[in-house]
Structure formats: C-alpha cells, structure tokens
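Reader: Hello! I would like to go through this structure with you, one question at a time. Could you show it to me before we begin?

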Amino acid sequence: MKKKVRPAVIRTGIRIPLILWAIAVLYPIIWMFIGSLKSNAEIYSNPWGLPESFNFQNFIDAWTNYNIDTSVFNSVIVTVMGMFLTLVLALPTAYAIERIKFKGSGILFTVYISAMMIPMVLGWIPLFFLLMDFNLLDNLFGLAVVYAISQLPFTIFVLTSFMGTIPKELEESASMDGLSPYGILLRIITPLSTTAIITVSIMNAIQFWNEYFMALIFLQSRTNYTLGLAIDFISSEAQYTNAWGTLFASLTIAIIPVIILYAIFQKRIAKGMTEGAIKG
Amino acid sequence: MVQSKKQKYVFLAFCLVPTFILFSIFTLYPLFSGLYFSFFEWSGSSSNREFIGLSNYERLFQDKIFPRTILHDYFLVVTKVIGIMILAIFFAVALTQLKIKEAPFYRVVFFFPNIMSVVVIGILWTFIYNPSLGLVNSGLEFMGLGEWARPWLGDENWALPSLVLPSIWAGIGLFMLLLIGGISNVSKSYYEAAEIDGANEWQQFWKVTLPLIWPQIKISILYIVITTLNGSFIIVQIMTGGGPNNSTHVMGSYLYQQAFVQYNFGYGATIGVVILILSLITVLILQFLMKREKVQY
C-alpha cells in the first residue's frame, strides 16, 4: 500500500515544475501574438491579458508604414540564396571527403570542423573591409555569401556523416555503366542524400532567417534591412513612439515561418541540432 | 572505379578547390588578418593605418572596462552552465523515468525557444522586465512583494543577472534532448539490478543515471561554454546594448562598440584576439578537468 501512494505523490510533484516551465515558454510567445492584436492604449491599460477585440491594424501598419514588407522580402532573398549557396558549396566537398581517398582528406575535414568552434567575431572586422573591397558591403548577395560560408562546416559535417551510410555498390555499378564521377555525384549521390539535404537546409534557413549580428555589421541602408534589423529598429523607435502593437506584429511576422517549419519538421530539426552539438 | 589518376585529380579539384577558396577568403583569411590588425592603430581609412606593435595589448590592461567585460562573460558562462544543467538534467530524468503520457508535448515546447531568433527572445524578455508594464514587476506586486520590483535592465547591479534567465530559457531544450538521448541508451537491466540491490530512486539517479550519461553532460557543458563565449554578446546587444554604465558589456559587445561604433578597428581586433585565446584556453582546461573515464558496468 505504502509503495503505491509514494510514486503517485512524486509523480504529481514532478509534474508541477514541468507545467510551470511549459507556461514560462508558451506564455510570452502567446502573449506576443495577443499583443499584436491589441491597440497601443490597450497594451498600456491591460498589458498581459486577453484583447477586447481582434484588430489587424498593427499588421497593416507594420507592413505599410514601417517597411516590414521590404524586410520580409530581403530576409527571404538572403535566406534562399544562402541556403542554395551552402548546398552547392558543401555537397561536392562532402562527397570528396567521404568517398574519395586522397592525402590530406582527414586534415581538410578537421579544418572545416574546427571552424565550428572558433569565435568568428574576430574575423568580422577584416570581413567588413573585405566586403567593402569586393563592393559587397551593404549588399544582400554579400550577406548571403557570408552566411553560406558560416554554415559550411556544419553542413559538410551533416552531409559527410549521412553519405557514409549510402552503400558503395551503387556508385560502383553506376561507374560500370559508364557514368562519370560528376554524373555519380549529381545523379546518384545527391538524390540519395535528399533526407540529409532537407534537414540541413531547414536548419540553415532558420539560422539565416533569424540571424541578426552579421546583418547589423554588414548591412547599412534601411532598404537592405533584414527582418532582425528592422524589428530592432522598430523596437528602439518604440521607446519614443510607443508603437508597441506594431512591434509585436512584426515579431509575429518574424516568428510565424519558424513555427510553421517547426510544426512540419520538428523531429528532424531537433535531431539535426542535437547531432550538431554532439560532435563539438 | 575505372579512371585515370589525372581524371581523379581533376574531379577532386572540381569538388574541393572552389569551396576551399571561398572558405579561405571568408573564414581563414579574416581570422589571421584580424590577428594582424591587432598590431595597428586604425580608424578605418586605409591612409592612416599605423603599426604600433603591442600597444593595443598594453592598452587592454589599462582599459577600465575591458577586465569587467571578461568577468561578465564568465559570470554568464558559470550561471548558464549551472542553471541549464540542473534544469535540463531534471527535465530529462523526469520525462524519461516517470513515463508521463504528455512527455512529447513537453519536449516539443521546451525545445522551441532554441530555434527562435535572438532578436525575438531579447525583445520579449525586455518586455517581461519592463519596469511598469513587465510581467516580473507585476507578478511581484501581485504577490505582495512590491518592494522587490525594480527596473531590472536599468539597474547596474541587476541588469547582468537579468540576462541569465532569457539565456537559460532559450537554451534548455537542446540540452534536455541531448541528455534524454543519453538516458534512453542506458540499458534497463542496470536499473533492475540496482533495484534488487535495494537502491532507491535517488540512489539510482546518482549511481546509475548520472555516471552513464556523463559523456552527454560533458558535451553539454562544453557546448554551453563555447556558445556563451562566442555568442552571448548578441542578446546583450539587443537587451541592454552593454549598459547601464557598461555593467552588462561582454567582450563581444565591447568589440562591436570599439570597432563598429567608435571606429577603433585595431583595438577591436585586439579584443577579438583575446576572445579567441580565452575561449580556446577555457575549452582546453575544461576538457582536461572533465577527463573522467567512461564508466562501464
């Protein structure tokens, strides 16, 4: 009898912190959605409660008066370009490192992987001048290139470990059939790696969509602002204009694509990130 | 594969060279070049770049703010490691050992902040700490602890500790999942054996679970330390900008201010070199300290 009561008590006892933490995570996010539907006056009078009525004026304001439309467009451009570039650069390298025997392949892999642990903030100063020399400063393509290279080590890491699981026989028989190594890479390896390519691309896309600091350094004009910069700008302006509703609306716009991706690919994202951490 | 040596090398070059050249230009070159810049006094225009040897490094020692930024960095490292590890271990054990039906819900929810933008996290938490509207102060007043209410991010003593909670909030899910992975690899027979020996749940946790997930704990700690030293300045920049009165500046945000706000690029690079050296040393020391052998039963 005693044995049965105790675990039940412990179980409820342990549930309490779990529930509290779940509230701590969800409440600010839900509150942000609610805030985006409130008028500024209501945010002041009743900051943490439910809205009296739903109005989408904040979204319209953010979209038209605060140039969020341009920033969304810029963020999409940078994210898509960055994602594509990362793949184009990482796929051949990952294949060569994983499947072709050559001197120094181990060293090359180590160089890429150790770049994942190095604080890049030192490199950002010379990179700033480098981009200036290349005429890529304050340029969305320049930022996409910088993003792509920054995610290269992680992408190579994920792709090599996945390609290791593809059976070698497939390449051998393709080569017997007269397919060149270029053909094997393009027609055999790339399609077979689709799972890994999707996982790594989603994670890169989220990374680029969310990125703030490199954009802060390498972009300057407001027409080039990505979402993070635009929101930060609205946030610092809101200290004076009190346009909190607009700020919440733009935060909501920034987070919705991430929530959608997470809803669809939750397992892959979680798995990809934990595996990325384990190599560390 | 039937192909000549030459063909093989051409293919290898096709695969490796373009990527490596870009990687060298955008990652390797800037790092070395940053080291080189640290020996110059330089405000950005190419004409007035002056070699000054180690003067920037000497200046670091006279700088009244810089030593504080190092302390702030390590304050965040220590508090984050302790906070995240205690909570992540607790949640991981709770979700695996207690067979709760809604466990997947918690996993999905707790992990989500890991993929949120730091901008969103920073702005949300700035609101939570807002002196008049914020959740923290309203909550304290609600509980009758009104005298505890303060402008958290505007208070020199409280601003830095206030940054710890958002960082833990944002980071915990990943490490919880990492530890869950470790725990589910522990064979059930160990727990059965421990139970036969009369060990209670608490003893089982200390003697079985903890030693067996030590590799995951080690990785988590290392990862928290690295990401904090390399990236804590982002949340600082968004939530406080290093203020009030430099009380929250960490090395990275101070570098940003020196280089990109005040245009002391040489001095900024010097700070960057110190960040690089300190984080490498910290990781090496940690790896040495945690070199506890894998437990095998």
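Author: Gladly, and please keep in mind that this is a predicted model. A good place to begin is the interface of chain A and chain B, where the rule finds 10 residue pairs in polar contact, both residues of each pair at pLDDT 80 or more.

Reader: Which helix gives the largest share of the side of chain A that touches chain B?

Author: Among the elements of chain A, one supplies 18 residues to the side that touches chain B, and that is the largest share. The element spans residues 2-36 and is helix 1.

Reader: How do the residues on that side of chain A divide into nonpolar, polar and charged?

Author: The side of chain A that touches chain B can be sorted by residue class. Charged residues number 6 and polar ones 8, while the nonpolar count is 73.

Reader: How many residues of chain B are in contact with chain A, and what area do the two chains bury between them?

Author: On the chain A side, 87 residues take part, and they meet 87 residues of chain B. Of the area buried between the chains, 84% lies on carbon and sulfur atoms. The buried area itself is about 8100 Å².

Reader: Which three residues of chain A supply more of its buried area against chain B than any other three?

Author: Together the three supply 10% of the area that chain A buries against chain B. They are Leu18(A), Trp21(A) and Leu122(A).

Reader: How many salt bridges does the rule find across the interface of chain A and chain B, and which residues form a salt bridge there?

Author: Side chains of opposite charge can pair when their charged atoms come close. Across this interface the rule finds 1 salt bridge, while the count over all chains comes to 3. With a cut-off of 4 Å between nitrogen and oxygen, a pair whose closest N and O atoms are 2.7 Å apart qualifies: Arg15(A) and Glu102(B).

Reader: Where in the two chains do Arg15(A) and Glu102(B) sit?

Author: The pair crosses between chains. Arg15(A) is in helix 1 of chain A, and Glu102(B) is in the loop between helix 3 (66-97) and helix 4 (103-111) of chain B.

Reader: Now for chain A on its own: into which domains is it divided, and how many Å separate their centres?

Author: Domain 1 of chain A covers residues 2-36, and domain 2 covers 67-278. Taken over C-alpha atoms, the separation of the two centres is 35 Å.

Reader: Which residues of domain 1 lose the most area to domain 2 of chain A?

Author: The contact takes 5 residues from domain 1 and 7 residues from domain 2 of chain A. The two domains bury about 550 Å² between them, with 85% of it on carbon and sulfur atoms. Three residues make up 71% of what the domain 1 side buries, and they are Met32(A), Phe33(A) and Ser36(A).

Reader: How many salt bridges and polar contacts does the rule find between domain 1 and domain 2 of chain A?

Author: The side of domain 1 that touches domain 2 of chain A has 3 nonpolar, 2 polar and no charged residues. A salt bridge needs a Lys or Arg paired with an Asp or Glu, so that side has no residue to offer one. The salt bridge count is 0, and the count of residue pairs in polar contact, both at pLDDT 80 or more, is also 0.

Reader: What does UniProt say about residues 72-265 of chain A, and what is their helix content?

Author: The unreviewed UniProt entry annotates this span as "domain: ABC transmembrane type-1". The end C-alpha atoms of the span are 22 Å apart, strand accounts for 0%, and helix for 80%.

Reader: Which peptide bond in chain B is cis, and which residue in that loop has a positive phi?

Author: Most residues other than glycine have a negative phi, and most peptide bonds are trans. Omega is about -10° for the cis bond that joins Gly243(B) and Pro244(B), and Pro244(B) is found in the loop between helix 10 (214-239) and helix 11 (251-261) of chain B. In the loop between helix 10 and helix 11, the residue with a phi near 65° is Asn246(B).

Technical notes
Residues numbered from 1 in each chain as written. Chains lettered and ligands numbered in written order. Predicted model: local features only at pLDDT ≥ 70, side-chain atom pairs only at ≥ 80, totals over all residues. Heavy atoms only, no water. Domains from an automatic or database assignment. Contact = heavy atoms within 4.5 Å. Buried area = accessible area lost by both parts, 1.4 Å probe. Salt bridge = Lys/Arg side-chain N within 4 Å of Asp/Glu carboxyl O. Polar contact = N/O pair within 3.5 Å; in protein donor to acceptor, adjacent residues only side chain to side chain. Nonpolar A, V, L, I, M, F, W, Y, C, P; charged D, E, K, R; others polar. Helix = DSSP H or I, 4+ residues; strand = E, 2+ residues; numbered from the N terminus. UniProt positions renumbered as here; feature names shortened; annotations may be inferred.
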